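Biologist: Hello! I am new to this one, so could you walk me through it with a few questions?

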Number of protein chains: 2
Amino acid sequence: MKRGGRAGIIGGGVIGGGWAARFLLHGWDVAVYDPAPEAARMVGEVLENARRALPSLADCDMPVEGRLTFSASLAEAVVGAAWIQESVPERLALKHRVMAEIQTHADPDAVIGSSTSGFKPSELQAGAPNPGRVLVAHPFNPVYLIPLVELVPGERCDADAITVATDVVTGVGMKPLLVRKEIDAHIADRFLEAVWREALWLVRDGIATTEEIDDAIRFGFGLRWAQMGLFETYRVAGGEAGMAHFIAQFGPCLKWPWTRLTDVPELTDELVDTISAQSDAQSGAYSIRELERIRDDNLVGILRALKARDWGAGALLRAHDRRLMADIPAAEPFGETSPQPLEMLTLTVLPAWIDYNGHMTEHRYLQVFGETSDALLRRIGVDADYVASGRSYYTVETHIMHVDEVAEGQGLRTSTQVLAVDDKRLHVFHRMRAAKDDRLIATAEQMLLHVDATAGRACTAQPAVLARLRTLAEAHGSLAWPESAGRRVGQRD
Amino acid sequence: MKRGGRAGIIGGGVIGGGWAARFLLHGWDVAVYDPAPEAARMVGEVLENARRALPSLADCDMPVEGRLTFSASLAEAVVGAAWIQESVPERLALKHRVMAEIQTHADPDAVIGSSTSGFKPSELQAGAPNPGRVLVAHPFNPVYLIPLVELVPGERCDADAITVATDVVTGVGMKPLLVRKEIDAHIADRFLEAVWREALWLVRDGIATTEEIDDAIRFGFGLRWAQMGLFETYRVAGGEAGMAHFIAQFGPCLKWPWTRLTDVPELTDELVDTISAQSDAQSGAYSIRELERIRDDNLVGILRALKARDWGAGALLRAHDRRLMADIPAAEPFGETSPQPLEMLTLTVLPAWIDYNGHMTEHRYLQVFGETSDALLRRIGVDADYVASGRSYYTVETHIMHVDEVAEGQGLRTSTQVLAVDDKRLHVFHRMRAAKDDRLIATAEQMLLHVDATAGRACTAQPAVLARLRTLAEAHGSLAWPESAGRRVGQRD
């Protein structure tokens, strides 16, 4: 299925709007039909969110956005559409009426996906004139970001309709999960329903509030499940003894009152063998040690993404940093006159900083030097309050020289030599060294300009800041001029 | 509780080892007691993983690592310890024996946390000589990365022991969740147990394999739960109509066979009101629109973290990029003689690229220029195969000039002018412009050196690569020398 086809979206709520956005942003023309007066506004709001977020996931050009129209009738929305997505309310009689009307007007080959959370495809097909073109295509909110879509064809769906469905959802960036046997609520919603029921008990019995329940998820197993599911997580936790051992160990819990939901299957040898064999097929290509490190790297990445956004477990990490920093002995009172470059940061090369050559990626050097400049600014009094007052130093120019390589996990130190200072300009020279053996890794010469951010122009720095800088510049005046400062790129002498 | 105390770890498996690692890496001295012959090796392996991962979460100095000892007896491990963590197997009689022995030798004030997954604190306290110092402190694997710890004091725990426990786990970077009423399996494991039971049914009934179940989680709701839990997610999904409406809509599902686990509470008005009020208290500070955007930014961050690691939903995004790029019309056959800089990348400023001033962060400029150089290299034949052969161009020097600012969501284009080429050196000049109005944003002059990566020294590039570069250099020879090339930092003329 080439992108740039035409999709008919029947039902324009949060789910229908999410589908519309996925198709539009992948170059499809989309016609939406929803008789609700609010539909156009709601689809527009979802689309606005999607335009903001979905392209951030791609590292290449996205297709040119398709054309969005709102149809006056269902017939108008489905005529000529290769893919029709039904997202009307969860009432079977209504879905039957809609299926019949769709197939009265659509191309005979058009494939119809239903967003139903719970109905089986056989139940939907029972109301369709042409059941072979109907299947469940169940997405997850927000549809434009969450990749999963459960495709449930049931026994009556045409084989080629399943192929079309797989190609179409893959083409708009989704992960099709083919559900081989139809069942109420498919797969994922069965877990959600079990957790929902347990959560209702906990709230009803006064054990936990909604917030405590959410925290129990997002600070704990929710982090694990963003990257490995239930079985792979347990495989790793079970360690070298393997999956069968893990099940044997936790088997007794099935008999204990660990949930209010108590219907449990018997742990026969056959079931244990089935699970072990499936887990081997799924994860056996990796050793437990490899899986542990994959899991840990994923968790570090997820936690750091949340830290960058100051949310959930990431907000906790920020608070923890503040506590760690509060425990660090206070810096020497300012007024250094030592003719030595200032010792600035100590840090470790993170896994995410490594490029395909196995070395630290180019721009991470500038990240470290930029953080070194930030640390210098805080030290001379350009702190959060100063910046909040509308003044700051901006970097206008940087010259980096790469001297040696560093690998993941290596410790680094940076130092700063102040080369020159005037009312508006600050000229500095940073060095990055290996913590272990003091080897020079890279240098950066930077020019910073003091600006009035509101007015968007250079201005004189505050007297207290200038006084500190001048003290530093004077102390550093007796240092030798760094060999690689004042040089142009490619200079040979 | 100041860091740098002394912790006794009783039981040195994956959980005990994880606790030991958290304490050690936060400057505590740790004594481990475990009679198993493998304990020292297992704790060592967990600690090795933790040293690799935990410091990556901090953006400041971590404390100096504490001292790890393995004790010959339980008594030796607990004497003088301010915090004692029990992580022995889940057998109540064993836990009672261990508690009694701990309290025979420990300081009377020492607080004892139990890692039990399922026992209530009252059950543990029943076997303790001094029950006021005992509580459940239930962590999640890997303990050194997952922040959640459920603190369950029960009715007999001293108030000051709860305070100590909260301070201690907060001090080692964890999120204490105080469970106010004791219950079997506390809170989080009740959800895990419900999902586990449902998963066992699905495997037993042949509906899904372990891998399909894991995919249903990690490509779907697992991504959501890393940042918002069940109730906040549903609050956002329910949209403007609010939580009570959401529950009313999905209430009927409780009567449907959406899980094999069927004991359900009655949805009384009182329960619906309780949930709505708790949800308002939890999330009411944000509008639905704000929560949507917070959620979306978090999901983008999590998905990109997984993309950087080529795992799960992130591996899917990489595959999708490859499909999108395959759809882009092939580049002009090489041999350009146009005296124009090469048009290189088009891209959008991502949310994660923005600094506290609201502009693109300094090092992201170098990221964009670095990717521009990478694109040039691919264009002249330095592709993945070439790099795999052990040869590549490394950047040795960069001079960036910042000309104007860009904000989130703005489109950028880059272009490249080849300034000079010899057998080993490649001298280029990149420009970054705003896509909308062609405004110059920044420039970068770079010197790249062709290297034999194995030998770690410069070497001559392959003839085909050199031929392409010379064609370019010749075509660009007629272009004016860029105004900001060949300049040193701070040059005024």
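**Strands, helices and contacts**

Biologist: How many of the 10 residues of strand S12 (residues 425-434) of chain A are buried?
Modeller: Buried here means that 20 or more other C-beta atoms lie within 10 Å of a residue's own, exposed means 12 or fewer, and partly exposed is in between, with C-beta atoms placed from the backbone. Helices (H or I, at least four residues) and strands (E, at least two) are DSSP runs, numbered from the N terminus. S12(A) is largely enclosed by the rest of the structure, because its buried residues number seven.

Biologist: Before we go on, what kind of model is this?
Modeller: Residues are numbered from 1 along each chain as its sequence is written, while chains are lettered from A and ligands numbered from 1 in the order in which they are written. Local features need pLDDT of at least 70, side-chain atom pairs count only at pLDDT 80 or more, and totals for chains, interfaces and linings use all residues, since this model is predicted.

Biologist: Which residue in S12(A) is the bridge partner of Ala420(A)?
Modeller: Strands count as paired if DSSP finds at least two bridges between them. Strand S11 (residues 411-421) of chain A pairs with S12(A) in the antiparallel sense over nine bridges, and a hairpin of three residues joins S11(A) to S12(A). Opposite Ala420(A), the partner in S12(A) is His427(A).

Biologist: And which residue takes a positive phi in the hairpin of S12(A) and S13(A)?
Modeller: S12(A) and strand S13 (residues 440-452) of chain A run antiparallel and are joined by nine bridges, with Arg433(A) bridged to Leu440(A) in S13(A). Five residues sit between the two strands in their hairpin, and the one with phi near 65 degrees is Asp438(A).

Biologist: How far apart are the C-alpha centres of domain 1 and domain 3 of chain A?
Modeller: The domain bounds come from an automatic or database domain assignment. That assignment divides chain A into domain 1 (6-186), domain 2 (189-298) and domain 3 (337-476). Between domain 1 and domain 3 of chain A, the C-alpha centres are separated by 52 Å.

Biologist: Which helix gives the largest share of the side of chain B that touches chain A?
Modeller: Residues are in contact if their C-beta atoms, placed from the backbone, lie within 7 Å. The contact takes 151 residues from chain A and 151 residues from chain B. On chain B's side there are 80 nonpolar, 37 polar and 34 charged residues, where Ala, Val, Leu, Ile, Met, Phe, Trp, Tyr, Cys and Pro count as nonpolar, Asp, Glu, Lys and Arg as charged, and the others, Gly among them, as polar. The largest share, 17 residues, comes from residues 188-204 of chain B, which are helix H7.

Biologist: Which residue of S10(B) does Ile400(A) stand opposite?
Modeller: Strand S10 (residues 391-402) of chain A and strand S10 (residues 391-402) of chain B run antiparallel and are joined by five bridges. Across from Ile400(A) stands Thr398(B).

Biologist: Is H8(A) roughly parallel or roughly perpendicular to H9(B)?
Modeller: The axes of helix H8 (residues 210-225) of chain A and H9(B) come within 7 Å and cross at roughly 110 degrees; axes are lines fitted to C-alpha atoms, for helices over the stretch in contact, and angles run from 0 to 180 degrees between N-to-C directions. Thr210(A), Ile213(A), Asp214(A) and Ile217(A) meet Leu230(B), Phe231(B) and Glu232(B) there. Angles under 35 degrees count as roughly parallel, over 145 as roughly antiparallel, 65 to 115 as roughly perpendicular and the rest as oblique. The crossing angle therefore makes H8(A), relative to H9(B), roughly perpendicular.

Biologist: What are the edge strands of the open sheet in chain B?
Modeller: The open sheet of eight strands in chain B has mixed pairing and the order S3-S2-S1-S4-S5-S6-S7-S8. Its twist averages 25 degrees from one strand to the next. Pairing on one side only marks the edge strands of chain B, S3 (68-70) and S8 (175-178).

Biologist: In which loop does the cis-bonded Pro142(B) have its place?
Modeller: A cis peptide bond with omega about -5 degrees joins Asn141(B) and Pro142(B). The place of Pro142(B) is, in chain B, the loop between S6 and S7.

Biologist: Last one: is His186(A) buried or exposed?
Modeller: His186(A) is not a glycine, yet it has a positive phi of about 55 degrees. It is found in the loop between strand S8 (175-178) and helix H7 (188-204) of chain A. Because it has 25 C-beta neighbours inside 10 Å, His186(A) counts as buried.

Notes. Two residues are in contact if their C-beta atoms, placed from the backbone, lie within 7 Å.
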